[in-house]
Amino acid sequence: MSQKVAVLGTGKIGEALLSGMIRAGWAPADLLVTARRPERAEELRARHGVSPVPNAEAAKTADTLILTVKPQDMGTLLDELAPHIPADRLVISGAAGIPTSFLEERLAAGTPVVRVMTNTPALVDEAMSVISAGSHATTDHLATAEEIFGAVGKTLQVPESQQDACTALSGSGPAYFFYLVEAMTDAGILLGLPRDKAHELIVQSAIGAAVMLRDSGEHPVKLRENVTSPAGTTINAIRELENHGVRAALIAALEAARDRSRELASGKKD
């Protein structure tokens, strides 16, 4: 934690990472941030005590650089940073779909690059961050990435070839659950419940189910079967989900998210 870390392009996820690192023991004086708008940079200084700096200064000063810009902005940022990043700096990319080779080709030869896909529960220290090494990253570099992103949740190392699948599952994953809660809330209203009560029932059910999945060690099929009595209410609901192809729709949706991640890697914007 004595090293200097810079977060470049500090949006919501970048700020969540900063605040988590501070809670985990990093000194604000060792954390640098960059932001496109000066007022945003000053907001981060006032809120967290970190030091806003230009991109070039962050590249020269920090031991580890975390790039949290949008995928379509990564090339422009690397063009700006490349002349200033020594080859011994660790560069962590948090941009969906961008392979480590994209960064390595634009940085000094031998620069260690680590790719990380995290998700929005970083805002409440419940992120799932998936970490992959580039061709020059060592186990020490991966350990540094795990230490940083472990401040806002769980981490998992995977081969980079699995990153697009992980983006589809966990990077975009929270949106699927929010979508499901939205649909179930509408159903509760249709069944005669006030919106606030339907929302509370569903959210607590979701929390309880998630804790059971995490802590019980049981397969989700077993947990579902424990709720599903013969000729009961649950099996009738499950039948309708199957009749409407919900399982197939979920598989198709995740395949579409994976394919879009691959398109981002190829530079396709639309």
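Two strands count as paired if DSSP finds at least two bridges between them. Helices (H or I, at least four residues) and strands (E, at least two) are DSSP runs, numbered from the N terminus. With that in hand, open your viewer.

**Before you click**

What you see is a predicted model, in which local features need pLDDT of at least 70 and side-chain atom pairs count only at pLDDT 80 or more, while totals for chains, interfaces and linings use all residues. Residues are numbered from 1 along each chain as its sequence is written, and side-chain values use heavy atoms, with hydrogens and water left out.

**Stop 1: the whole protein**

Switch to cartoon view. The secondary structure comes to 12 helices and 8 strands. Along its principal axes, the C-alpha trace spans about 70 × 35 × 35 Å. Of the 270 residues, 38% are buried (buried is under 20% relative accessible area, exposed is over 50% and partly exposed is in between, with a 1.4 Å probe and protein chains only). Now think about contacts (heavy atoms within 4.5 Å). Among those between residues at least 6 apart in sequence, 62% join residues at least 24 apart.

**Stop 2: the sheet**

Colour the strands. In what order do the 8 strands of the open sheet come? Reading across, you meet E3-E2-E1-E4-E5-E6-E7-E8, and the pairing is mixed. Strand E3 (51–52) and strand E8 (153–157) are at the edges with a single partner strand each, so one side of each has no neighbour in the sheet.

Select E1 (5–8) and E2 (31–34) next. These two run parallel and are joined by 4 bridges. Leu8 has Thr34 in E2 as its bridge partner. Show the side chains of E1: Val5 and Val7 point to one side, Ala6 and Leu8 to the other, and all are buried. E2 is also covered on both faces, with Leu31 and Val33 buried on one side and Leu32 and Thr34 buried on the other.

Move along to E5 (90–93) and E6 (113–117), which pair in the parallel sense over 3 bridges. Here Ser93 stands opposite Arg115 in E6.

**Stop 3: a helix across the sheet**

Select helix H6, residues 139–149. H6 lies across E1, E4 (64–67), E5, E6, E7 (127–133) and E8, and runs at about 170° to E7. (Axes are lines fitted to C-alpha atoms, for helices over the stretch in contact, and angles run from 0 to 180 degrees between N-to-C directions.)

**Stop 4: H1 beside H2**

Pick H1 (12–23) and H2 (38–48), whose axes come within 12 Å and cross at roughly 20°. That makes H1 roughly parallel to H2, because angles under 35 degrees count as roughly parallel, over 145 as roughly antiparallel, 65 to 115 as roughly perpendicular and the rest as oblique. Which residues make the contact? Show Lys12, Glu15, Ser19 and Ile22 of H1 with Arg40, Leu44, Arg47 and His48 of H2. By class, that is 2 nonpolar, 2 polar and 4 charged residues (Ala, Val, Leu, Ile, Met, Phe, Trp, Tyr, Cys and Pro count as nonpolar, Asp, Glu, Lys and Arg as charged, and the others, Gly among them, as polar).

**Stop 5: Val50**

Stay in this area and find Val50, in the loop between H2 and E3. Is Val50 buried or exposed? Val50 is buried, with a relative accessible area of 1%. Not counting residues up to four places away in sequence, Val50 touches Leu18, Ile22, Pro28, Leu31, Val33, Leu44 and Arg45. Try a distance label too: the C-alpha atoms of Val50 and Ala29 are 5.9 Å apart, although 21 residues separate them along the chain.

**Stop 6: H7 and its partners**

Finish with H7 (163–171) and H12 (246–266), packed at an angle of about 130° with axes 8 Å apart. That makes H7 oblique to H12. Asp164, Ala165, Thr167, Ala168 and Leu169 of H7 meet Leu254, Ala257, Arg258, Ser261 and Arg262 of H12. These residues divide into 5 nonpolar, 2 polar and 3 charged.

Then add H8 (173–190): the axes of H7 and H8 come within 5 Å and cross at roughly 35°. Ala168, Leu169, Ser170 and Gly171 of H7 touch Gly173, Pro174 and Tyr176 of H8. This contact has 4 nonpolar, 3 polar and no charged residues.
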